[in-house]
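Here are my notes on the rings, the cores and one acidic residue. Have a look at the picture first, then go through the points.

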Amino acid sequence: GEDGFSGIAVARFDIDGFGAICDSIGAAAGDELLIQVAQQLRSVFSTSLRCARVGADDFAVILPATKGPQEAELRVEEILRKLGEPRDIRGQIIRLTLKAGVAVGSSSTESAEGILHRADLALTEAKRTGQRCIISLPTTIAATPSRRRFDIAQQLFGATTRGEMHLVFQPIIELATGRIAKAEALLRWDHPELGSVGPGEFIGVAEEVGAIHEIGDWVATEAAKQAVHLRAFGHPDFRMSINRSPVQFRADSDDEPACLRTFRALGLPPGSVVLEITEGVLLDGREANRERLARLRAAGISLALDDFGTGYASLAQLHAFEIDIVKIDRRFVAGLAEGNREQALCAGIISLAHSLGMKVTAEGVETAEQRDLLVGLGCDYGQGWLFGRPVDAAAFEARLNGGG
C-alpha cells in the first residue's frame, strides 16, 4: 500500500545452539521442537500477522509498530519469555534461549527485501554481542559494523577458491639455542571490496555460518604442503603449527579426523604437526572431543593450547586432555619485568607445565629483556616480533635457509 512499511516491524528469531540441541535429543525430536515454536509464535502474534520459517531454526514475524519501536520490542520480549518456558519434548524437558533482531519500518518507500535485510542484520548483531535479546537497527546501515559483518558472512564461502586467502608463517624459536624449530601458519584475507579482513573479524563469523570447514580444510592442506616442502629441502626436523577451530572438532567423523587424512594424503608425518586448539575444545564437555584429541595424539600429532591464561581452562584440565604444549598468552608476556606479577605468573605456568610433562611457548615476545627473563624461567619456545613477524612462504624459507 501507500504506507509502505511505516507502522510495522519485522522480527527475526533464532534458537541458540539448535544444532547441539538436535545432537542431544535427536533429529525427529528437533523437528517436533520447531513445530512447537512455530505454533507458539502463531498463537502469540495471532493469525492476522504473518509468521514464516526462514532458516533451519530461524523465524520471521511481521508485527505492529504503530506506536514506534517500543511497541514491537514489548511484543518480542513477550514471545521470548513464552518460548523460554520449560517444554516437554518426548519426555525430555527442554529450556530454549533465543536471540531476536527487530527492524522497524520507518519509510513508505522501503522494500520488503530492505526491511528483512535490516532485521537479519539486527539478529546477527544480537548473536554477536550475546548480551541483549533485542537489537533494533536504524534505517541507515551502510557504514555500521553490522553491515560489514553481514558482508563478511556473505563473502566467506568460496574465498579460498577465488584466491583471496593466503597463509603467512611466523617463526617459533627454541629459546635455549635460538634456532627456528617451528612456524605457526596464520591466515590472511584480502577481499577486492572489503579490503584486508583480519582473522579477529572473520573467524568468529566463519564459525557461525559454517564456512570454517571449507576454510579450515584449506589452511590445513596449504600449511601441510609447505611443511612437506621445507622438510624435503634441508629441514627434516621442521614442524608446522596449524590452528583448528572447535567447530571443526565437533564436525569430525568418529573414525578419523579430516586433518589427519589430509596430512597422510600429502605424505606429511603426523609427528611434524602441532595442532593449536582453543580452550573451547577442552571445555565443550563432550566425550567425543576427548576421544578425537586422543586419536590425534596417538597418531603422533602434538596438541598446543593457544592463549593460555585468558579463560577458564586450568592446568589440571590440560593434563586430563594430555596437552603437549601450553602457549602463554601475550598479555602476560607484554608486562614481563624482573620481580613483577607477570613474572610470577609465567614462572608458575612454566613450572607446573613442566612437572606435567608439557612444553611451554611464550607468545608476543617483543624485547630482549622479555626473552632473557623467559630463558631464565626455563621457557621452551618463544614467538613474537623479536624473532620475526609473519611472512609469506618464500620469505620464511629464505629465513630458514639463512639459519637465523
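1. A word on labels before anything else: helices and strands here are DSSP runs, counted from the N terminus, with at least four residues for a helix (H or I) and at least two for a strand (E). Keep in mind too that this is a predicted model. With that settled, Glu-164 can be placed: Glu-164 lies in the loop that runs between helix 5 (145–156) and strand 8 (165–174).

2. Is Glu-164 buried or exposed? Its relative accessibility is 10%, and since the cut-off for buried is under 20%, Glu-164 counts as buried. Setting aside neighbours within four places in sequence, Glu-164 is in contact with Ala-159, Arg-188, Trp-189, Asp-190, His-191 and Pro-192. With one of these, Trp-189, there is a side-chain to side-chain polar contact of 2.9 Å.

3. Trp-189 turns up again among the rings. The structure holds three aromatic pairs. In one of them, Trp-189 meets Phe-202 edge-to-face, with 5.4 Å from centre to centre and 85° between the planes. This pair links distant parts of the chain, as Trp-189 belongs to strand 9 (residues 180–191) and Phe-202 to helix 6 (residues 199–209), 13 residues apart. Both partners are under the 20% cut-off for buried: Trp-189 counts as buried because its relative accessibility is 1%, and Phe-202 because its value is 0%.

4. Still on rings: Phe-169, Phe-238 and Phe-396 are linked into a cluster by ring pairs. If you care about cations over rings, there are a couple to look at. The charged end of Lys-182 sits over the ring of Tyr-381, 3.8 Å from the ring centre. Likewise, Arg-389 has its charged end over the ring of Trp-385, at 3.5 Å from the centre.

5. Now the nonpolar cores. Which members of the largest one touch the most other members? Out of 71 residues, they are Leu-156, Trp-189, Met-240, Phe-263 and Leu-318. Helix 7 (residues 212–232) supplies the largest share of this core, with eight residues. Apart from this core lies another, of 31 residues, including Ala-9, Ile-15, Leu-63 and Ala-72.

6. Met-240 deserves a click of its own. Not counting residues up to four places away in sequence, Met-240 touches Phe-169, Ala-183, Ala-185, Ala-223, Gln-226, Ala-227, Ser-272, Val-273 and Val-274. One of these, Phe-169, is also part of the phenylalanine cluster from point 4.

Note on methods:
Residues numbered from 1 in each chain as written. Predicted model: local features only at pLDDT ≥ 70, side-chain atom pairs only at ≥ 80, totals over all residues. Heavy atoms only, no water. Phe/Tyr/Trp six-rings, centres within 6.5 Å; stacked < 30°, edge-to-face > 60°. Buried < 20%, exposed > 50% of the residue type's maximum accessible area, 1.4 Å probe, protein only. Lys NZ or Arg CZ within 6 Å of the ring centre and 35° of its normal. Core = buried A, V, L, I, M, F, W, Y, C linked by side-chain atoms within 4.5 Å. Contact = heavy atoms within 4.5 Å. Polar contact = N/O pair within 3.5 Å; in protein donor to acceptor, adjacent residues only side chain to side chain.
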